[in-house]
Amino acid sequence: MILGLPKSVEIDGVDYAVRYDYRVIVEICIALEDVELTEQEKAIAALAMFYPNVEQIPAERLQEAVERCIWFINCGQPEDKQKSPRLVDWEQDFQHIVSPVNRVLGQEIRSIPYDLERNTEGLHWWTFISAYNEIGGDCVFAQIVRTRNKLARGKKLDKQDSEWYKQNRNLVDFRRKYTDGENDVLKQWGAK
């Protein structure tokens, strides 16, 4: 059990500092979903964002560095291998996540200073996720996730949920992400 908020991870017996602020981890999550990047490019991007001194990690330990990054993102929990429906898109949903997290923490989290270069201050990812896990009730984000979950599992929406979904489909449905090439074709066709 880990009682503290780690600001480093151990790789082959050596501690390496990590960028722990929630903003960095959200950006990593967005990069990991980028349709333009290959799996290798996603790993390289995650490593570069997560480790301030990634160049100090021996090349033969980079796979372990990726695994430790995922471990950190999962708040020290093992990766869940069980397939479950995707319910969150950090890029699309962030504006709806902030307000309830602010309410849980009692402050505006976007105003918390964080020095990316010196890797100081900020709101630790694990603290952010603890607040995120307390989101519930009648907030917009909770309704978005509830609706996505029902739809993903093939459950029928009740009358109230169905009406809400019709009015807020743009919030619930995941936006299709296109590659640059696909965007060019869509522009040529006048679809964008």
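Mentor: Axes are lines fitted to C-alpha atoms, for helices over the stretch in contact, and angles run from 0 to 180 degrees between N-to-C directions. This is a predicted model, in which local features need pLDDT of at least 70, side-chain atom pairs count only at pLDDT 80 or more, and totals for chains, interfaces and linings use all residues. Residues are numbered from 1 along each chain as its sequence is written, and side-chain values use heavy atoms, with hydrogens and water left out.

Trainee: How do α4 and α6 cross, and within what distance do their axes come?

Mentor: The axes of α4 and α6 cross at roughly 135° and come within 8 Å.

Trainee: Why is α4 called oblique to α6?

Mentor: Angles under 35 degrees count as roughly parallel, over 145 as roughly antiparallel, 65 to 115 as roughly perpendicular, and the rest as oblique. The crossing of roughly 135° fits none of the named ranges, so α4 is oblique to α6.

Trainee: Which residues make that contact?

Mentor: On α4 they are Gln92, Asp93, His96 and Ile97; on α6 they are Val140, Phe141, Ile144 and Arg148. Contact means heavy atoms within 4.5 Å. By class, these residues are four nonpolar, two polar and two charged. Ala, Val, Leu, Ile, Met, Phe, Trp, Tyr, Cys and Pro count as nonpolar, Asp, Glu, Lys and Arg as charged, and the others, Gly among them, as polar.

Trainee: How do you know whether aspartate 93 is buried or exposed?

Mentor: Buried means under 20% relative accessible area, exposed over 50%, and partly exposed in between (1.4 Å probe, protein chains only). Aspartate 93 has 0% relative accessibility, so this residue counts as buried. Aspartate 93 lies in helix α4, residues 90–105. Apart from neighbours within four places in sequence, aspartate 93 touches Leu87, Val88, Phe141, Arg148 and Leu171.

Trainee: What are the angle and axis distance for α1 and α2?

Mentor: Helix α1 (residues 22–32) packs on helix α2 (residues 39–50) at about 175°, and their axes are 9 Å apart. Set against the cut-off for antiparallel, that angle makes α1 roughly antiparallel to α2. Val24, Ile25, Glu27, Ile28, Ala31 and Leu32 of α1 meet Lys42, Ala45, Ala46, Met49 and Phe50 of α2. The class count for this contact is nine nonpolar, no polar and two charged residues.

Trainee: What makes β1 and β2 a pair?

Mentor: Two strands pair if DSSP finds at least two bridges between them. Four bridges join β1 (residues 8–11) to β2 (residues 14–17), and the strands run antiparallel. Serine 8 has alanine 17 of β2 as bridge partner, and isoleucine 11 has valine 14. The two strands form a hairpin with two residues between them.

Trainee: Which side chains of β1 are buried, and which are not?

Mentor: Val9 and Ile11 point to one face and are buried, whereas Ser8 and Glu10 point to the other and are not.

Trainee: What is phi of aspartate 12?

Mentor: Phi of aspartate 12 is near 50°, a positive value in a residue other than glycine. Most residues other than glycine have a negative phi. Aspartate 12 sits in the loop between β1 and β2. Glutamate 121, in strand β4 (residues 120–121), also has a positive phi, about 65°, and is not a glycine.

Trainee: Why is aspartate 12 called partly exposed, and why is asparagine 133 called exposed?

Mentor: Aspartate 12 has 48% relative accessibility, which lies between the two cut-offs, so this residue counts as partly exposed. Asparagine 133 has 53%, which is over the cut-off for exposed, so asparagine 133 counts as exposed. Asparagine 133 is in the loop between α5 (125–132) and α6 (140–152). Asparagine 133 is 32 residues from valine 101 in sequence, and their C-alpha atoms are 8.9 Å apart in space.

Trainee: How many helices and strands does the protein chain have?

Mentor: The protein chain has nine helices and four strands. Helices (H or I, at least four residues) and strands (E, at least two) are DSSP runs, numbered from the N terminus. Of the 192 residues in the protein chain, 35% count as buried. The C-alpha trace spans about 55 × 45 × 35 Å along its principal axes.
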